[in-house]
Amino acid sequence: MNLAYFLSILVFSPLLGILVLSFLPRTQESLIKTVGFLATLPALILSLIAFFQYRAGAGLEQLNEKVSWIQFGDSGQLGNLFSIDYELGLDGFSLIMVVLTAVLSTLAAIASIHIKKEWKGYFMLFLLLEVGMLGVFAAENLILFFIFFEITLIPTFFLIGKWGYFEKENAAYSFLIYNGLGSAVLLIVIMVLFARTGTANIDALMAAMNADNPQLVAPISENMKMGMLIALLIAFGVKLPIFPLHSWMVRVHVQAPPSIVMLHAGVLLKIGAFGLIRFGMGIFPEQFQSLAVWLAVLGVVNLLYGAFLAFVQTDFKMVLAYSSISHMGIVLIGLGALNEAGIQGAIFQVVSHGLIAALLFFLVGVLYERFQTSNIQNLGGLAKGMPITAGFLLAGAMASLGLPGMSGFVSEFMAFLGLFKEMPILAAVGTIGIIMTAVYLLRAVLGITYGKSHRDFAGITDMKKFEFVPVLVLVGLIVLIGVYPSVLSEPLTSTLETIMLGIGG
């Protein structure tokens, strides 16, 4: 892995697909589909190479890139007072997120076969979105992180508004407004940190903010640190989302095309959790400890709120949308526990929910393609008409409710183990949400698979050959993490050690 600019090639490889697509006629749909899919493969291959090399013992530091970019504010002998470098790098957590992004992007490209119009524009925006997602997790300074973060907003807005369902414009604008406001808050925090410290490098910020006598351009008071952390919580809370900043997400999950919801639920929501862990916990560890109880409370509220609203829905997309809100509560619960088990459970939940949500929304797309509805009652009797699809749907539900042997169990167990150590009463209240998860998922899935049939399944084909690929890959990964959690826990060891040292653990 001594390849120069390895991470830059990984992050920007989808741009090659955009370049090729720009020269293809709009009428060559088959070729456009092929190029769109193939353009996701270089990032997938490179991310897997990095992952397996890291598990084999190779250090990730050799992948770091740093190129001088912008300098200003010359202060004589001290040199440039402010500098922004082009910096890419990975640790165990960000490597896992890059792999998750690359895998889901390739599978979502396959799921895009159900898109009906304007393939060229769709795949150009799709690949630009992938660049933004990969860059977010590989960026080693806050300004570069923010640039990639903003890149994800533009294509997502158009992908929802152009290729979504009946209320797609409302969903797209709701997405843009909420996430735009969250970005504005995030930018303020980044600018304050940059102005006070003179650097945007994440490691340098962590060192400066946690040093006893840091050398700063201007002092930062404890109250200012707390204010910035609360601002980060709001900015990333919109993305996660945290109640009551969640309403936009429900619209997106219902109105966006399934292939985009796979990426939205699987990756984009996880940027919120990634930001809270990497920046909130990493840069402001002392202040984070002060807010730990409130984070845990917000997590339990998210868990219960999402679970109870999912229970009363009649549309399966709405069930899954509120289920995502509920499951993101488990991330907050793990972070609020502020111990190794809880934080590890939160990170596991980030990855696990990404895979499970992608699986379930892909299956919703399969059903919608055939029946033009996601209403639970109208889909009744699926086990008789489409037994293979019904079986995978049940498997996805079992993973989501935390069946042992699947990834959902590992993440929920560790998050609640961590919370029971610190706040047993709050954890006991939170277990009601776990029970409700089983109730609403089984109610919905059993209603679809074994409920009363209101349609004739004659002429309806079960899963097609290309549809098996995303389903089998996702189920395989969910089971792999469930029976062999070390596939994630080993790469996370150094990240967890750094976090625990930062918070005094």
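**Exercise 1. Is Ser400 buried or exposed, and what surrounds this residue?**

Before the solution, a word on the model. This is a predicted model, in which local features need pLDDT of at least 70, side-chain atom pairs count only at pLDDT 80 or more, and totals for chains, interfaces and linings use all residues. Residues are numbered from 1 along each chain as its sequence is written, and side-chain values use heavy atoms, with hydrogens and water left out.

*Solution.*
- Step 1: Ser400 counts as buried because its relative accessibility is 4%; buried means under 20% relative accessible area, exposed over 50% and partly exposed in between, with a 1.4 Å probe and protein chains only.
- Step 2: Ser400 lies in helix H18 (residues 387-400), where helices (H or I, at least four residues) and strands (E, at least two) are DSSP runs numbered from the N terminus.
- Step 3: leaving out residues up to four places away in sequence, Ser400 touches Ser323, His327, Ile356, Leu360, Glu412, Thr437 and Leu441; contact means heavy atoms within 4.5 Å.

**Exercise 2. Find the largest cavity and say which helix gives the largest share of its lining.**

*Solution.*
- Step 1: there are 3 cavities of 30 Å³ or more. On a 1 Å grid over the protein atoms alone, a cavity is a set of points where a 1.4 Å probe fits but cannot get out, a pocket is an open set with protein on both sides within 12 Å along at least five of seven lines, and lining residues have an atom within 4 Å of a point.
- Step 2: the largest cavity holds about 70 Å³ of space; grid points are joined across faces, edges and corners, and a volume is the space filled by probe spheres set on the points.
- Step 3: the residues lining the largest cavity include Ser400, His327 and His353.
- Step 4: H16 gives the largest share of this lining, 5 residues, and helix H15 (316-337) also supplies at least two.

**Exercise 3. Describe the largest pocket.**

*Solution.*
- Step 1: the space in the largest pocket is about 540 Å³.
- Step 2: 28 residues line the largest pocket, and Asp91, Asp203, Met206, Arg278 and Thr498 are the closest to its centre.
- Step 3: H22 supplies the largest share of the lining, 5 residues; strand S1 (65-74) and strand S2 (80-88) are among the elements that each supply at least two.

**Exercise 4. Which helix gives the most to the largest nonpolar core?**

*Solution.*
- Step 1: the largest nonpolar core has 182 residues, and Phe316 is one of those with the most contacts inside it. Such a core is a set of buried Ala, Val, Leu, Ile, Met, Phe, Trp, Tyr and Cys residues joined through side-chain atoms within 4.5 Å.
- Step 2: helix H16 (residues 340-371) gives the most to this core, with 19 residues.
- Step 3: a second, separate core has 13 residues, including Phe416 and Met423.

**Exercise 5. Locate the unusual backbone geometry.**

*Solution.*
- Step 1: recall that most residues other than glycine have a negative phi, and most peptide bonds are trans.
- Step 2: the peptide bond from Leu240 to Pro241 is cis, with omega near -5 degrees, and another cis bond joins Phe243 and Pro244, with omega about 10 degrees.
- Step 3: Pro241 lies in the loop between helix H10 (222-239) and helix H11 (247-255), and Pro244 is also placed between H10 and H11.
- Step 4: Leu338 is not a glycine, yet has a positive phi of about 60 degrees; Gln372 likewise has a positive phi, about 55 degrees.
- Step 5: Leu338 counts as buried because its relative accessibility is 17%, whereas Gln372, at 52%, counts as exposed.
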